[in-house]
Structure formats: structure tokens, C-alpha cells
Amino acid sequence: HPRDMLGSMCDDLIAAHGDLPALMPYVHLPVQSGSDRILAAMNRRHTRKEYLEAIARLRAARGDIAFTSDFIVGFPGETEADFRDTLALAEEVNFATAYTFMYSSRPGTPAAALDDQVPEAEKAERLQRLQAVITRQWQAFNRSFIGQTMDILVEKPGKLPGQLVGRSPYLQSVHVMAQPSLIGTIVKVAVTDIGTNTLFGTLAETARAPAHATVGA
């Protein structure tokens with residue numbers, strides 16, 4: 001949660017991302033909105049400035065770190081100016097991806113009783129605009145790995161004969177042609193192409209078992 005990254009109390013946590021190889025360079029830090037006024041209405045315990053400071057501190061600790069987030073658009077009282085603050089924050093951070101949602105009223109919650117509900121059509125239009133920004137960002141993020149070699153944890157067989165599927169340090173799905181005996185190991189994969197939500201590559205090095213794994217006979 002963003003509040004866990006605020007102030008001097010989180011110094012050790014942030015430093016750990018630069019010091020501990022076991023931590024992947026990937027952090028999900030849900031912001032919800034880029035507007036301080038809406039964050040206060042949501043009863044979130046962070047401000048826009050504090051969120052951006054946390055991002056900056058984590059990037060200073062580890063230069064290759066990537067971020068994902070959650071956003072809610074159309075919270076009661078959200079104006080076009082508030083929404084533009086959200087768009088601006090997304091552009092500033094440049095997320096690897098994010099989960100975007102329209103606010104929906106839930107009976108019994110304080111927000112459901114507010115008078116200034118945002119019309120459904122307006123919420124949908126804002127969601128489309130925000131999602132367009134996020135889609136552009138995660139496509140660019142995935143493209144940036146073409147030509148690079150990554151450690152991939154091989155998880156399972158793929159849909160094609162001889163294909164295996166693994167995960168990158170950024171939780172991307174990676175497809176590679178390889179022997180089933182590599183499942184459960186870490187391999188170096190040279191990324192050659194991307195799909196809609198997938199990276200494709202070729203083996204670049206002999207596999208090794210994860211550090212925490214117990215290898216049987």
C-alpha cells in the first residue's frame with residue numbers, strides 16, 4: 001500500500017529493493033486517483049505528492065524497477081479536472097501496466113449515499129481514455145525487452161508442441177521452445193518478439209534450478 005512507503009519508517013523497506021537479489025524489480029502500488037481531492041474523498045491515506053515521492057525513492061534504490069497500479073475513475077464528485085490529474089499522474093509514472101475500473105455504487109458504503117454521482121456514460125468515457133494511456137505504456141514496456149536476455153522461471157507446457165511457458169522478473173508470460181525437463185528451472189531467454197500479452201524468445205543459456213528449490217533425483 002502507498003502508505004507503507006511513506007516517511008522515514010519505510011527506509012529499510014525501500015532500501016531492500018536495491019539490496020536483496022531475491023526481490024524482483026516489480027512493485028504493485030495502487031494509487032486509485034491522481035487527484036488529492038478525490039483521494040481524500042476515498043479516505044485514502046496518501047497524497048499525490050507522497051505517491052510520486054515513493055515512486056522516486058524506489059527508482060533511486062533500483063533503476064530497473066517497474067510499477068503497476070490500480071485506478072478507479074468516476075468516483076462521486078470527480079470532475080474533469082480531477083480526472084486529468086489522474087491522466088497526468090499515469091503519464092508521469094509510466095506504468096508497466098495497471099488495472100483500471102469504473103466506480104460502482106455499493107449499498108451501505110458512504111460513497112453510495114453521495115449526491116454527486118458521475119453519469120455512467122461519463123465514467124465509461126473516462127475509463128477508455130485512461131485505459132488508452134495504460135495500454136500504450138505496457139505495449140512500450142514489453143517492446144523494450146526485444147533483443148534483451150532475461151531470466152525466466154519456466155512453469156508449464158505451452159499450447160504448441162515443444163513450447164514452454166514461464167514468467168519474467170516482471171511477471172510477463174514468456175513462451176519459448178524447449179524440453180519439458182526445464183519446467184521448474186530458471187533459464188536465460190533472448191526475447192525476439194511480443195504478442196498482445198506475451199513475450200516470445202529462444203533459449204540463451206543452460207538452465208539452473210531456483211535458489212529455493214530442492215532438486216530430486
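**Exercise 1. In which loop does Ser-33 lie? Describe its surroundings in this predicted model.**

Step 1. Place the residue: Ser-33 sits in the loop that runs between β1 (26-28) and α2 (36-41).

Step 2. Assign its exposure. The relative accessibility of Ser-33 is 0%, so the residue counts as buried; the cut-off for buried is under 20%.

Step 3. List its contacts. With neighbours within four places in sequence left aside, Ser-33 is in contact with Ile-38, Leu-39, Met-42 and Thr-86.

Step 4. Look for a polar partner. A polar atom of the Ser-33 side chain lies 3.1 Å from the backbone nitrogen of Ser-35.

**Exercise 2. Describe the salt bridge between Asp-11 and Arg-57.**

Step 1. Take the distance: the closest N and O atoms of the pair are 2.4 Å apart.

Step 2. Locate both ends. Asp-11 belongs to helix α1 (residues 11-19) and Arg-57 to helix α3, so the bridge ties together parts that are 46 residues apart in sequence.

Step 3. Compare with the exposure classes. Asp-11 has a relative accessible area of 34% and is partly exposed; Arg-57, at 31% relative accessibility, is also partly exposed.

**Exercise 3. Is Asp-82, which forms a salt bridge with Arg-37, buried or exposed?**

Step 1. Establish the pair: the closest N and O atoms of Arg-37 and Asp-82 are 2.5 Å apart.

Step 2. Locate both ends. Arg-37 is in helix α2 and Asp-82 in helix α4, 45 residues apart, and the pair links distant parts of the chain.

Step 3. Classify each end. Asp-82 has 6% relative accessibility and therefore counts as buried, whereas Arg-37, at 46%, counts as partly exposed.

**Exercise 4. Which strands does the salt bridge between Glu-155 and Arg-167 link?**

Step 1. The side chains of Glu-155 and Arg-167 meet at 3.6 Å, N to O.

Step 2. Glu-155 is in strand β4 (residues 149-157) and Arg-167 in strand β5 (residues 163-167), twelve residues apart.

Step 3. Glu-155 is partly exposed, with a relative accessible area of 38%, and Arg-167 is partly exposed at 35%.

**Exercise 5. Which residues of the largest nonpolar core touch the most other members?**

Step 1. The core has 26 residues, and those touching the most other members are Tyr-51, Phe-71, Leu-89, Phe-95, Leu-130 and Ile-134.

Step 2. At least two core residues come from each of α3 (48-61), β2 (66-73), α4 (80-93) and α5 (120-143).

Step 3. Examine one member. Not counting residues up to four places away in sequence, Ile-134 touches Phe-71, Ala-90, Phe-95, Thr-97, Ala-98 and Thr-100.

Definitions and conventions: Residues numbered from 1 in each chain as written. Predicted model: local features only at pLDDT ≥ 70, side-chain atom pairs only at ≥ 80, totals over all residues. Heavy atoms only, no water. Helix = DSSP H or I, 4+ residues; strand = E, 2+ residues; numbered from the N terminus. Buried < 20%, exposed > 50% of the residue type's maximum accessible area, 1.4 Å probe, protein only. Polar contact = N/O pair within 3.5 Å; in protein donor to acceptor, adjacent residues only side chain to side chain. Contact = heavy atoms within 4.5 Å. Core = buried A, V, L, I, M, F, W, Y, C linked by side-chain atoms within 4.5 Å. Salt bridge = Lys/Arg side-chain N within 4 Å of Asp/Glu carboxyl O.
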